[in-house]
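Welcome, and please open the structure in your viewer. We will go from one selection to the next, with a short look at what each one shows.

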2 protein chains.
Amino acid sequence: MALFSMDVENLQQLFVEQLRDLYDGEQQITEALPKLIDKANSSQLKAALQEHLQVTRQQISRLDQIFKQLGERASGETCKGMKGVIAEGDSLVSKSNDPAVTDASIITSAQRVEHYEIAGYGTVKTFARQLGQNAWVQLLSQTLEEEKEADHKLSQIAGTINVRAREAA
Amino acid sequence: MALFSMDVENLQQLFVEQLRDLYDGEQQITEALPKLIDKANSSQLKAALQEHLQVTRQQISRLDQIFKQLGERASGETCKGMKGVIAEGDSLVSKSNDPAVTDASIITSAQRVEHYEIAGYGTVKTFARQLGQNAWVQLLSQTLEEEKEADHKLSQIAGTINVRAREAA
């Protein structure tokens, strides 16, 4: 017998827990992105991050829709994973004064954030399908595709920035 | 003028910094995996995690090869990102007593670790190519493919586990 109550005992509860984790992660991203936009030097990178900030807000509103339908509160979890990923990025980006190297560091950090989300949304999409909730599968797929697209776009921008970073200092 | 010395001023230095980050991340994984293997209930999941522990050791030895050729020390960075991702997983896995839900939580957590590594190895592979180091591109590609394969295998195992988790409690 457990000495204290466990709060995740079936797939639906795990689904809700993971959605809360993603919800908190997205909030952390909306706080972190403006700082990265400010530090970015390439106008193409600034624009891509700015666009992703808008997209993130839509992703939050999709999660809000699901929470509303579930009748569950959205807040309550702190995503330690995203906290670590963002802290790692902050520390890396502060290590360089060179504009191209700073931009390459921002891209690296942003791609880790994207992949963390790709894993998270991949999981909840699978859970939603397993729970027979096709409307949620659709909403979560849309976000998942946006995260993959953001990752791909960052890889493309990295192409030109890495050449400049190679020739720096 | 910077008030203190910046240590990442070109692509090669950023490459080394990122390799150190991955190196520390892999060390953290070799410490975390045995605990997850111990907690896993499905024999298929246990075997997959066990196999990944072996693969992780080979991945560390590939990084060692690159550090040797670079003439750089491998240690020195603490990967705050991986620390957060693992802490997040520990906390999630401790929330359930149900065997299938615990396994689904382990898979979710392990996939976040995999994706964090996919982002990291994707970056250093691109940097190595930019630096004209094809031998390193080969070594890092091999690891990147292994990480993607591990992620895919976990998704497959999740199929049967999620059905059990749905019917739990």
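For this tour, a salt bridge is a side-chain nitrogen of Lys or Arg within 4 Å of a carboxyl oxygen of Asp or Glu. By that rule, six salt bridges join chain A and chain B. Keep in mind that you are looking at a predicted model.

**Stop 1: chain A by itself**

Select chain A and show it as a cartoon. You will find five helices and zero strands, so the run of elements from the N terminus reads α-α-α-α-α. Along the principal axes, the C-alpha atoms of chain A fill a box of roughly 60 × 35 × 20 Å.

**Stop 2: a link within chain A**

Now pick Glu51(A) and Lys153(A) and show their side chains. These two residues form a salt bridge, with 2.9 Å between the closest N and O atoms. The pair ties distant parts of the chain together: Glu51(A) sits in helix α2 (residues 43-70) and Lys153(A) in helix α5, 102 residues apart. Over all chains, the count comes to 16 salt bridges.

**Stop 3: where the chains meet**

Bring chain B back and select the residues in contact across the two chains. Each side contributes to the selection: 50 residues from chain A and 50 residues from chain B. How much area is buried between chain A and chain B? The value is about 4300 Å², and carbon and sulfur atoms give 52% of this area. Highlight Lys95(A), Arg112(A) and Gln130(A) next, since no other three residues supply more of the area that chain A buries against chain B; their part is 17%.

For a polar view, zoom in on Arg112(B) and Asp21(A). They form a salt bridge across the chains, and the closest N and O atoms are 2.7 Å apart. Between chain A and chain B there are also 33 residue pairs in polar contact, both residues being at pLDDT 80 or more.

Colour the side of chain A that touches chain B by element. Two or more residues come from each of α1 (11-39), α3 (80-93), α4 (99-130) and α5 (134-166) of chain A. The largest share, 15 residues, belongs to α4(A). Colouring this side by class instead gives 20 nonpolar, 19 polar and eleven charged residues.

**Stop 4: the largest pocket**

Select His115(A), Ile118(A), Asp151(A), His115(B) and Ile118(B), the residues nearest the centre of the largest pocket. This pocket has a volume of about 790 Å³, and its lining is made of 40 residues. Helices α4 and α5 of chain A, together with α4 (99-130) and α5 (134-166) of chain B, each give two or more residues to the lining. Which element gives the largest share of that lining? It is α4(B), with 14 residues. By class, the pocket lining divides into 14 nonpolar, 18 polar and eight charged residues.

**Stop 5: the largest cavity**

A search of the whole structure finds three cavities of 30 Å³ or more, and the largest cavity has a volume of about 50 Å³. To find the largest cavity, select its lining: Val85(A), Glu88(A), Gly89(A), Leu92(A), Thr108(A), Ser109(A), Arg112(A), Gln18(B) and Tyr116(B). The elements that give two or more residues here are α3 and α4 of chain A, and α3(A) gives the most, with four residues. Three nonpolar, four polar and two charged residues make up this lining.

Conventions:
Residues numbered from 1 in each chain as written. Chains lettered and ligands numbered in written order. Predicted model: local features only at pLDDT ≥ 70, side-chain atom pairs only at ≥ 80, totals over all residues. Heavy atoms only, no water. Contact = heavy atoms within 4.5 Å. Buried area = accessible area lost by both parts, 1.4 Å probe. Polar contact = N/O pair within 3.5 Å; in protein donor to acceptor, adjacent residues only side chain to side chain. Nonpolar A, V, L, I, M, F, W, Y, C, P; charged D, E, K, R; others polar. 1 Å grid on protein atoms, 1.4 Å probe; cavity = no way out; pocket = protein on both sides within 12 Å on 5 of 7 lines; lining within 4 Å. Points joined across faces, edges and corners; volume = space filled by probe spheres on them.
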